[in-house]
Amino acid sequence: MKPLRIGLAGLGTVGIGVIRLLRENADMITARAGRPIEVVAITARDRTRDRGVDLSAMRWHDSATAVAQDPEIDVAVELIGGSEGPAREMVRTALERGLPVVTANKALVALHADRLSRLSSEKNAPLLFEAAVAGGIPAIKLVHEGLAADRLLSVGGILNGTCNYILTEMRATGRDFTDVLTEAQAKGYAEAEPSTDVDGWDTAHKLAILAGLAFQPVAFDTLSVQGIRDITATDLKFADQLGYRIKLLGMARQAENGTVAAWVRPCLVPASAPIASVEGVFNAVSTQGVFSGPMTISGRGAGEGPTASAVVADLIDLARGTAIPVWGTQSVPAPVACANLADLNSAFYLRVNVQDRSGVMADLTSVLRDHDVSVHFVSQHDAATGCADLAIVTHQVPEKAIHAAATALAALPVVTGKPLVLKIEDPLA
């Protein structure tokens with residue numbers, strides 16, 4: 001049996017994990033793939049570094065592009081990361097050669113899928129990216145294959161383990177964001193420069209991919225993205241009392257008119273929802289289908305083992321001769337702008353820090369009434385001396401109404417700081 005020969009760029013945690021997995025499970029992978037899968041060509045920034053595995057039998061190249069141009073490989077695997085530079089050039093070069101590509105690069109796929117999917121179609125070169133969303137969770141295969149016969153109504157979930165870990169620890173310990181972020185960095189759960197994770201962009205990249213598979217590709221710059229920096233331990237305590245958990249969600253839904261509403265933001269989810277119990281660095285993907293109904297799958301969303309497993313699963317598909325088009329259809333749909341969220345209705349959580357004196361509630365309710373925001377529930381916690389934190393849960397209101405009300409509240413003399421608005425969301429509702 002002729003081996004499937006792999007050219008691999010990137011020998012970090014995942015790249016070495018792929019090599020280890022292919023070696024340790026070689027017999028089983030060969031049996032399942034129908035042929036051996038071997039890494040024969042590699043590149044990395046530092047050729048001399050000891051990575052704990054024997055790489056002596058592999059051809060070294062000076063660049064990722066050179067790996068993609070190697071005439072002795074059957075598949076190019078890109079594990080460098082980044083939406084531009086060597087990663088993008090390697091994938092483009094391989095596809096132009098008609099060479100299949102496997103990548104774990106969510107930013108690359110999210111930002112350049114339009115051009116890459118067209119190139120994949122033109123050159124009949126498969127582009128696979130299971131590892132780009134939720135690590136070892138088969139999120140892409142779930143939407144691409146398992147639910148291919150159904151019309152999905154929604155897709156999304158907890159797509160970033162760093163944020164989920166931070167929110168879990170804040171809730172468990174009562175510590176605030178900055179303290180827990182520092183701990184997450186020390187444990188290796190968060191990058192030294194964490195903005196891609198905590199400001200929601202990593203989740204947005206993954207959501208854009210899921211939305212493209214479930215509905216149609218979306219223009220990434222039209223996604224509404226909000227991170228978790230403004231969440232406090234007080235918010236998590238309020239949420240607990242109200243029967244909710246706070247999770248950073250990325251969700252996409254398709255309206256009856258075909259438009260796609262997609263957003264990334266921290267939300268209150270019912271404590272009884274399956275996704276509410278997903279804690280720590282774990283991810284979860286939820287779908288709602290007309291025939292399949294509600295579904296949630298969870299697992300580790302990153303790390304050497306889970307991500308390497310997803311990469312090799314794609315390689316096994318290629319070895320078997322399985323080649324699904326990038327978006328699941330033979331045509332290559334053009335990206336569309338996400339729907340404007342201003343008129344979408346939801347219940348909201350509104351946290352306001354106020355001076356603790358008589359007449360404050362009258363001032364607040366007057367503003368809310370003027371903006372047609374109906375109050376369902378109010379709870380209070382003492383804050384700093386002379387102040388109190390109020391948690392207000394609204395009935396269903398348009399998003400533009402709650403944000404206009406929050407802006408007006410911030411201008412009141414009795415309000416200190418900026419009010420926090422969080423959507424109340426059931427991913428499977």
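## A salt bridge between two helices

Let's start with Asp240, which counts as partly exposed at 33% relative accessibility. In this predicted model, the side chain of Asp240 meets that of Arg171 in a salt bridge, with 3.0 Å from N to O. Arg171 belongs to helix α7 (residues 161-173) and Asp240 to helix α11 (residues 233-242), so the pair ties together parts that lie 69 residues apart in sequence. What about the other partner, Arg171: how accessible is that residue? Its relative accessibility is 31%, and since partly exposed covers the range between under 20% and over 50%, Arg171 counts as partly exposed.

As general background, side chains of opposite charge can pair when their charged atoms come close. By the rule used here, the count for this model comes to 27 salt bridges.

## From one pair to a network

A second pair to look at is Glu279 and Lys247, whose side chains also meet in a salt bridge, at 3.0 Å from N to O. This pair links distant parts of the chain: Glu279 sits in the loop between β10 (260-270) and β11 (282-289), while Lys247 is in strand β9 (residues 244-254), 32 residues apart. Are the two partners buried or partly exposed? Glu279 counts as partly exposed, at 27% relative accessibility, whereas Lys247 is buried, with a relative accessible area of 3%. Through salt bridges that share partners, Arg171, Asp240, Arg245, Lys247 and Glu279 are joined into one network.

Another pair worth a look is Asp179 with Arg175, a salt bridge in which the closest N and O atoms are 3.6 Å apart. Asp179 counts as partly exposed at 38% relative accessibility, and Arg175 likewise counts as partly exposed, at 22%.

## The nonpolar cores

Turning to the interior, the largest nonpolar core has 83 residues, and those with the most contacts inside it are Phe129, Ile166, Ile209, Leu210, Ile228 and Ile231. Which helix gives the most to this core? Helix α10 (residues 201-214) does, with 8 residues. Another core, of 33 residues, lies apart from the largest one, and its members include Ile16, Leu21, Ile29 and Leu128.

For a closer view of the largest core, Phe129 is a handy place to zoom in. Leaving out residues up to four places away in sequence, Phe129 touches Thr103, Val109, Ile140, Ile209, Leu213, Asp314 and Val326. One of these, Ile209, is also listed with Phe129 among the residues with the most contacts inside the core.

## Around strand β11

Gln288 has its place in strand β11. At 16% relative accessibility it counts as buried, because the cut-off for buried is under 20%. Which residues does Gln288 contact, setting aside its neighbours within four places in sequence? The contacts are Leu152, Leu153, Ser154, Gly293, Pro294 and Leu428. If you want a long reference distance, Gln288 and Gly10 are 278 residues apart in sequence and 36 Å apart in space, C-alpha to C-alpha.

Leu153, one of the contacts of Gln288, appears again at the surface. Together with Val290 and Phe291, Leu153 makes a nonpolar surface patch of about 330 Å². Val290 lies in the loop between β11 and β12 (293-300), and it counts as partly exposed at 43% relative accessibility.

## Two residues with positive phi

Two non-glycine residues deserve a glance if you check backbone torsions. Asn124 has a phi near 55°, a positive value in a residue other than glycine. Asn124 lies in the loop between α5 (106-123) and β6 (127-128), where it is exposed, with a relative accessible area of 66%.

Ala134 also has a positive phi, near 65°, and it too is a residue other than glycine. Ala134 is found in the loop between β6 and α6 (139-146). Is Ala134 buried or exposed? With 1% relative accessibility, Ala134 counts as buried.

## Confidence

Finally, a word on how far to trust the coordinates. The protein averages a pLDDT of 93, and 99% of the residues score at least 70. Where is confidence lowest, and where is it highest? Confidence is lowest in strand β15 (residues 375-382), with a mean of 86, and highest in strand β4 (residues 75-78), at 98. As a general rule, where pLDDT is low, the predicted coordinates should not be read in detail.

Conventions
Residues numbered from 1 in each chain as written. Predicted model: local features only at pLDDT ≥ 70, side-chain atom pairs only at ≥ 80, totals over all residues. Heavy atoms only, no water. Core = buried A, V, L, I, M, F, W, Y, C linked by side-chain atoms within 4.5 Å. Buried < 20%, exposed > 50% of the residue type's maximum accessible area, 1.4 Å probe, protein only. Helix = DSSP H or I, 4+ residues; strand = E, 2+ residues; numbered from the N terminus. Contact = heavy atoms within 4.5 Å. Salt bridge = Lys/Arg side-chain N within 4 Å of Asp/Glu carboxyl O. Patch = residues over 30% accessible without salt bridge, like charges linked within 9 Å, V, L, I, M, F, W, Y side chains within 5 Å. Areas by Shrake-Rupley, 256 points an atom, 1.4 Å probe, with all protein chains shown as cover. pLDDT = per-residue confidence, 0-100.
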